[in-house]
Amino acid sequence: MQEQFFDGDATFLPDEAICALAKRLGTPFYLYDEQSIRIRAEEIRSAFAWNPGHQEWFPVAAAPNPSVLKLLHLCGCRAVVSSVYDLELARRCGFRPEEILYHVVYPRPQDVEIIMRRRPMLVFNTPELLHRFVAGGAVDGCIGLRFNPGGEYLPGSNAMGRSVKSKFGMSKEEILRAAKMLRRAGVQKIGLCLGFAKNQISEGYYPAVAKTLFELALDVQEVIEIAYLDLMGGIGIDYRHGGEDPRLQHISEQIEELSDDLL
């Protein structure tokens, strides 16, 4: 893989190299920069090193390319999926069941069979789906619940989330009822997830999500042990306006401060 970088709007390969690839491979084709992927993965790991339990989860649907997924796995990332296709792809790229977070979204009966056979970590968006799996005796290990606090935006953020219109996530009351039901079903720990939007470039967005999630966790932990908190989403890049990208370290420091104050 080419290791030379260029400034400005140039790609990481010179034009003549790209033209040569086009002649050899034909077009269109995707070209990924392995070195940049490794660097970005290390930047995220370093920024959140203050949290010994930090893990980076990559959505398989964002780049369903085996070479990229295998590289991310080597970089220590885990996988997020929401279909049996993505589940099988992640598994074949080396991700173990405990390294795959499966968001259950209206699965077909045959999907449920595959999910239960592969045993990824499950996240439920609705009480109805959770009840369906519990009734079938298909929940064990650590179960995730996705929170939807309602409202049009998160305090402290410039990003409009419009969570009140989202079909994903449970209210606080539903989360608490679900936690009690899971405890009765023998589940020892649960995870909590919250995400309004993807690729947000507002530096206030992720600290606001973290604050809302931390406050929920304080109430839920009185019912059942919390295994993880998932901020979801992924930090974006300001391609359109050409401005500065969100400062990862600054975002991390704000979340660390909230963690010290609230947890």
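## A walk from a helix pair into the sheet

Let us begin with two helices that touch: Y206, P207, A210, K211, F214, E215 and L218 in α8 meet I251, Q254, I255, L258, S259 and L262 in α9. Keep in mind on this tour that the model is predicted. Helix α8 covers residues 205-220 and helix α9 covers residues 248-262.

How should such a meeting be described? Two packed helices are characterised by the angle between their axes and by the distance between those axes. For α8 and α9, the axes come within 9 Å and cross at roughly 20°. Angles under 35 degrees count as roughly parallel, and α8 and α9 are therefore roughly parallel to each other. The crossing in which α8 passes α9 is right-handed.

Now turn to the sheet. It is open, has 7 strands in the order β1-β2-β3-β4-β5-β6-β7, and its pairing is parallel. Strands β1 and β7 (225-230) stand at the edges with a single partner strand each, so one side of each has no neighbour in the sheet. On average, neighbouring strands of this sheet are turned by 25° against each other, direction ignored. Helix α7 (residues 172-184) packs on the sheet, where it touches β5 (142-146) and β6 (189-193). The direction of α7 makes about 165° with that of β5.

We can now follow the sheet strand by strand, starting at the β1 edge. Strand β1 (residues 57-59) runs parallel to strand β2 (residues 78-81), and 3 bridges join them. Here F58 stands opposite A79 in β2. Together with helix α3 (residues 66-74), β1 and β2 make a right-handed β-α-β unit.

The next step leads from β2 to strand β3 (residues 100-104), again a parallel pair, with 3 bridges. A79 appears once more, standing opposite I100 in β3, while V81 stands opposite Y102. Another right-handed β-α-β unit is made by β2, α4 and β3.

Pause at helix α4 (residues 84-92), which is where D86 lies. Is D86 buried or exposed? Its relative accessible area is 7%, and a residue counts as buried under 20%, so D86 is buried. Setting aside neighbours within four places in sequence, D86 is in contact with V60, A61 and V81. One of these, V81, is the β2 residue already seen opposite Y102 in β3.

Strand β3 deserves a closer look. In a regular strand, side chains alternate between the two faces of the sheet. In β3, both faces are covered: I100, Y102 and V104 lie on one side, L101 and H103 on the other, and all are buried. With 5 of its 5 residues buried, β3 is therefore largely enclosed by the rest of the structure.

From β3 the path continues to strand β4 (residues 121-124), its parallel partner over 4 bridges. The bridge partner of V104 in β4 is F124. Helix α5 (residues 109-118) joins β3 and β4 in making a right-handed β-α-β unit. In the order of the sheet, β4 is then followed by β5, β6 and β7.

Methods. Residues numbered from 1 in each chain as written. Predicted model: local features only at pLDDT ≥ 70, side-chain atom pairs only at ≥ 80, totals over all residues. Heavy atoms only, no water. Buried < 20%, exposed > 50% of the residue type's maximum accessible area, 1.4 Å probe, protein only. Contact = heavy atoms within 4.5 Å. Pairing = 2+ DSSP bridges. Right-handed = clockwise from strand over helix to strand, strands pointing away. Axes fitted to C-alpha atoms, helices over the stretch in contact; angles between N-to-C directions. Parallel < 35°, antiparallel > 145°, perpendicular 65-115°, else oblique. Left-handed = near helix turned anticlockwise from the far one by under 90°.
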